[in-house]
Amino acid sequence: MNENKTIKEREEEIVEEFSLFDTWEEKYEYIIDLGKKLEPLDDKYKVPGNIIKGCQSTVWLTSEFKDGKIYYKADSDAVIVKGLISMLIKVLSGNTPDEILGAKLDFLKDIGMMSHLAQTRSNGLLSMIKQIKNYALAYKSTDAIVK
Amino acid sequence: METTTTIKPTFDVNEIRKSFPILEREVNNQLMVYLDNAATSQKPQAVIDALNYYYSNYNANIHRGIHTLAEEATAAYEATRKTVKDFINAKSTDEIIFTRGTTEGVNLVAYTWGRKNISEGDEIIISGMEHHSNIVPWQILCEEKKAILKVIPISDEGELMMDDPIAIGYKKLLSSKTKLVSIVHVSNSLGTVNPVREIIDEAHKVGALVFVDGAQSTVHLDIDVQEMDCDFFAFSGHKVYGPTGVGVLYGKKKILEEMPVFMGGGEMIKEVTFEKTTFSELPYKYEAGTPNIADTIALKVALDFVTETKKDIIRNHENALLKYATEQISAIDGLRIIGTAKNKVSVISFVIKNIHPQDIGVLLDNQGIAVRTGHHCTQPLMARFGVPGTVRASFAMYNTKEEVDRLVVAIKKAIKMLT
Ligand SMILES: Cc1ncc(COP(=O)(O)O)c(C=O)c1O
């Protein structure tokens, strides 16, 4: 993994990759491909408690807190959504709660996935980001208590 | 062109399209194909103009002022009531109540007639293909009154089971305990046209009333509430080429007279003292507060537009499109149409093997095509068919065979990209 790159650097990498695409087909083929390649989530994590609310498709998200960093895993029954969440995980996984909470995720606008709000809502991106950050917030506060 | 072989030549769809300015819009750099008409239809220029004209020329509160503008606005508002009465062939304008839409119509009846007439152990029958709007208000009522909600099962074709030898169909559900049957006329998810005449006759035999959800039927079918003999009928203006925010509840006069009021406020009162308030006559009894004057006035223009274009001619066109689209779409590999009732209008719902409906929807949007994906506010129905949702294309008078062709090409392209 791109373990030692910052969130910003990882975002830039994705934007760079997208800048090579001329058509919407190429963009979506890339996202679909990411979705297909995302490691399937173990069935034991596919429980109602891990389902992100507010998406048209079912999206499961789980996370692990190790050495002060959060590692996410996700799955979905819709492949484009899976590709989108795979990008989010690429960018955010392996960072500290503070880094994740502070991430602006401008790359989503730059690659045209946040272009119009309606689509954002129907593809569930906002709900996914919110849930990812909710985990970060939860780890941050439990971490503070432990310390 | 080949178009004229299946579509009646008396109907010039290209002429019709000129009346709908939005149809010139481009989405994702292509001329938009709007196939989400079951959610809401587009508006003809005349409707848009009516809204603009009202606010520019005679905006006033109705039924109150004696000044010229107030009288003009009141006359226009009441003219819509007359047009609605004719459009659904009610006996009297007293039976036409303006609402915000179908949802409010169902709730009005549930909260007034329902609260008064439903008690413990009574039964209300709905069907397995109802929109959430025609489920939730009855659920709330049943919970409050300890009444029982019964559900007519749906066949594999997407038809109501009326008289099935094994399943507990409609006729077996009916009994002297049944107080109300509330049924969708045309399913928004499947396009199925339900046999409301038969349903109503059977219900009346056991003394139950019938509410017909006409949200989808009013734009496609000829509605004659007297002939149908329903006790209530509701529809939304925005699905009949009219504005959002206005709808209609029809009720038989005698029933409406006996029902308690819904909301209290101005407009619906005769006399108010702090000791007691007496209420207005029908239909004002149910129209508390300043109503949605502009949209109600523009609804008349929408209904006139449909009547002048002629419903039977529109229906011929839509049915030809549905038939053509069904043939073309069902030929696609791995595609399964959900809802294959004998009697259908305007809607094709489908799923594709191993592909989530949402993925298809996103890729169609990128090709300038608007369809609906998801559960269409009918989650129990989706569960019945074991699908998370469907892709739904729904047609209106302005859709064309060329648009269906674009849809088919776009679906094939989406499938190719996804597999
Ligand atoms: C069958 C059916 N019933 C009720 C409704 C609710 O209509 P509205 O949202 O306009 O109140 C709809 C709209 O989608 C519908 O299709």
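A residue is taken as buried under 20% relative accessible area, as exposed over 50%, and as partly exposed in between. In the predicted model described here, B:Asp229 has a relative accessibility of 27% and therefore counts as partly exposed. The carboxylate of B:Asp229 takes part in a salt bridge with B:Lys252, with 3.0 Å between the closest N and O atoms. This pair connects distant parts of the chain, 23 residues apart: B:Lys252 is in the loop between β10 (247-251) and α10 (253-258) of chain B, and B:Asp229 is in the loop between α9 (225-228) and β9 (232-236) of chain B.

Over all chains, 34 salt bridges were found in the whole structure. Side chains of opposite charge can pair when their charged atoms come close. One of the bridges joins B:Asp304 to B:Lys300, at 2.8 Å from N to O. Both residues belong to helix α11 (residues 293-309) of chain B, where they are four residues apart, about one turn of the helix. B:Asp304 is partly exposed, at 24% relative accessibility, and B:Lys300 is likewise partly exposed, at 25%. In chain A, salt bridges with shared partners join A:Lys46, A:Asp75 and A:Lys82 into one network. A further bridge in chain B is formed by B:Lys171 and B:Asp163, whose closest N and O atoms are 3.9 Å apart. Here B:Lys171 is partly exposed, with a relative accessible area of 29%, whereas B:Asp163 counts as exposed because its relative accessibility is 55%.

Aromatic pairs number 19 over all chains. Among them is the edge-to-face pair of B:Trp138 and B:Phe211, with 6.2 Å from centre to centre and 70° between the planes. The two residues are 73 residues apart and link distant parts of the chain, B:Trp138 being in helix α6 (residues 136-145) of chain B and B:Phe211 in strand β8 (residues 209-213) of chain B. Both B:Trp138 and B:Phe211 are buried. In chain A, ring pairs connect A:Phe65, A:Tyr72, A:Tyr135 and A:Tyr139 into a cluster.

Surface patches were also identified. In chain A, a negative patch consists of A:Glu9, A:Glu12, A:Glu16 and A:Glu17. Of these residues, A:Glu12 is located in helix α1 (residues 7-19) of chain A and is partly exposed, with a relative accessible area of 44%. In chain B, a nonpolar surface patch is made up of B:Tyr111, B:Val136 and B:Ile140, which together have about 220 Å² of accessible area. B:Tyr111 is part of helix α5 (residues 102-117) of chain B and counts as partly exposed at 30% relative accessibility.

Conventions
Residues are numbered from 1 along each chain as its sequence is written. Chains are lettered from A and ligands numbered from 1 in the order in which they are written. This is a predicted model: local features need pLDDT of at least 70, side-chain atom pairs count only at pLDDT 80 or more; totals for chains, interfaces and linings use all residues. Side-chain values use heavy atoms; hydrogens and water are left out. Patches are made of residues with over 30% relative accessible area and no salt bridge: like charges are joined within 9 Å, nonpolar side chains (Val, Leu, Ile, Met, Phe, Trp, Tyr) within 5 Å. Accessible areas come from the Shrake-Rupley method with a 1.4 Å probe; for residues, only the protein chains shown count as cover. A salt bridge is a side-chain nitrogen of Lys or Arg within 4 Å of a carboxyl oxygen of Asp or Glu. Lys and Arg count as positive and Asp and Glu as negative; His and the chain ends are not counted. The place of a charge is taken as NZ of Lys, CZ of Arg, CG of Asp or CD of Glu. Buried means under 20% relative accessible area, exposed over 50%, partly exposed in between (1.4 Å probe, protein chains only). Rings of Phe, Tyr and Trp (its six-membered ring) pair if their centres lie within 6.5 Å; planes under 30 degrees apart count as stacked, over 60 as edge-to-face and the rest as tilted.
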